[in-house]
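Let's take a walk through this fold together. Have a look at the sequence and the model below, and then we'll go piece by piece.

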Amino acid sequence: TVNENTPVGTDIKNIATVNGKDTNETNTHIVKKVTVTTTAQTMNSLDLVLVLDTSGSMKDPGTNGKTRMENLKEAATNLVNKVFSTNTDSTITAITYDTDVNWGTRTYSFSGKQQLLNKIKGLSANGGTNIYKALEETNNVIDDMSGTNRTRVVVFLTDGAPTYWSYADGANHVTNNNKNESGSYRNNLRPQIIAQANELKAKENVTVYSVGLGVNNLNNSSEV
């Protein structure tokens, strides 16, 4: 047996046994000790939060001959497959929203990958777009992850303006339409939405990506 303690100058006889006979006898003379060190590069653990718009307008045409919802599903699926490409302790939290945040916000580990993919596949488009409530829920989810040094990434996907908003009225949770009588959007909620977005971006170890699906007017998008 040759190991790191084998002295230089040792002759090593190599014999291969084939069908019970020793063949191809060769001699190797050790002239130099070589130490080989291998290293494995690992990816840091990641907590990904997917915030997915499932409002009715997601049925509208998107790109590549697909609807906006089909594009969203494709993007979300690719992200899941990327993060969960191999067994990892990274997590993915899925938040879906339309007129309000939908029940069932859940954090998935690698073992729940297929369940998450099935959830994404089963998404449907209905209702309004409550961006304020989606951001509020995202902030709550990130706060629950406090006390960790892991990288946290939020990917916020939406296709339109905030058509609904929510607020607390005493013990009641109230959701209102954000359009006026002429059908245009009120600006009364804009400061609150920007405040929620800024709160999210200011959190430690959090990176936020916002993705507009089929958004035509980007004049004010940089503010959020």
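Start with helix α1, residues 68–83, which lies across β3, β4 and β6 (151–158). Its direction makes an angle of about 170° with β3. Keep in mind that you're looking at a predicted model. A second helix, α2 (residues 113–121), lies across β4 and β5, and α2 runs at about 130° to β5.

Now for the strands underneath that description. They belong to an open sheet of 5 strands, and if you read across it the order is β5-β4-β3-β6-β9, with mixed pairing. At the edges sit β5 (106–108) and β9 (206–212), each pairing on one side only. On average, neighbouring strands in this sheet are turned by 20° against each other, ignoring direction.

What does "mixed" rest on? In general, strands of a sheet pair through backbone hydrogen bonds, and the pairing can be parallel or antiparallel. Here, β3 (residues 46–53) and β4 (residues 91–97) go parallel, with 7 bridges, while β4 and β5 go antiparallel, with 3 bridges. You can find some of the partners yourself: Leu 52 stands opposite Thr 96 in β4, and Thr 93 has Thr 107 in β5 as its bridge partner.

Finally, zoom in on β4: are its residues mostly covered or not? They are mostly covered, with 7 of 7 buried. Thr 91, Thr 93, Ile 95 and Tyr 97 point one way from the strand, and Ile 92, Ala 94 and Thr 96 point the other way. To get to β4 from β3, the chain passes through α1, making a right-handed β-α-β crossover.

Terms used:
Residues numbered from 1 in each chain as written. Predicted model: local features only at pLDDT ≥ 70, side-chain atom pairs only at ≥ 80, totals over all residues. Heavy atoms only, no water. Pairing = 2+ DSSP bridges. Helix = DSSP H or I, 4+ residues; strand = E, 2+ residues; numbered from the N terminus. Axes fitted to C-alpha atoms, helices over the stretch in contact; angles between N-to-C directions. Contact = heavy atoms within 4.5 Å. Buried < 20%, exposed > 50% of the residue type's maximum accessible area, 1.4 Å probe, protein only. Right-handed = clockwise from strand over helix to strand, strands pointing away.
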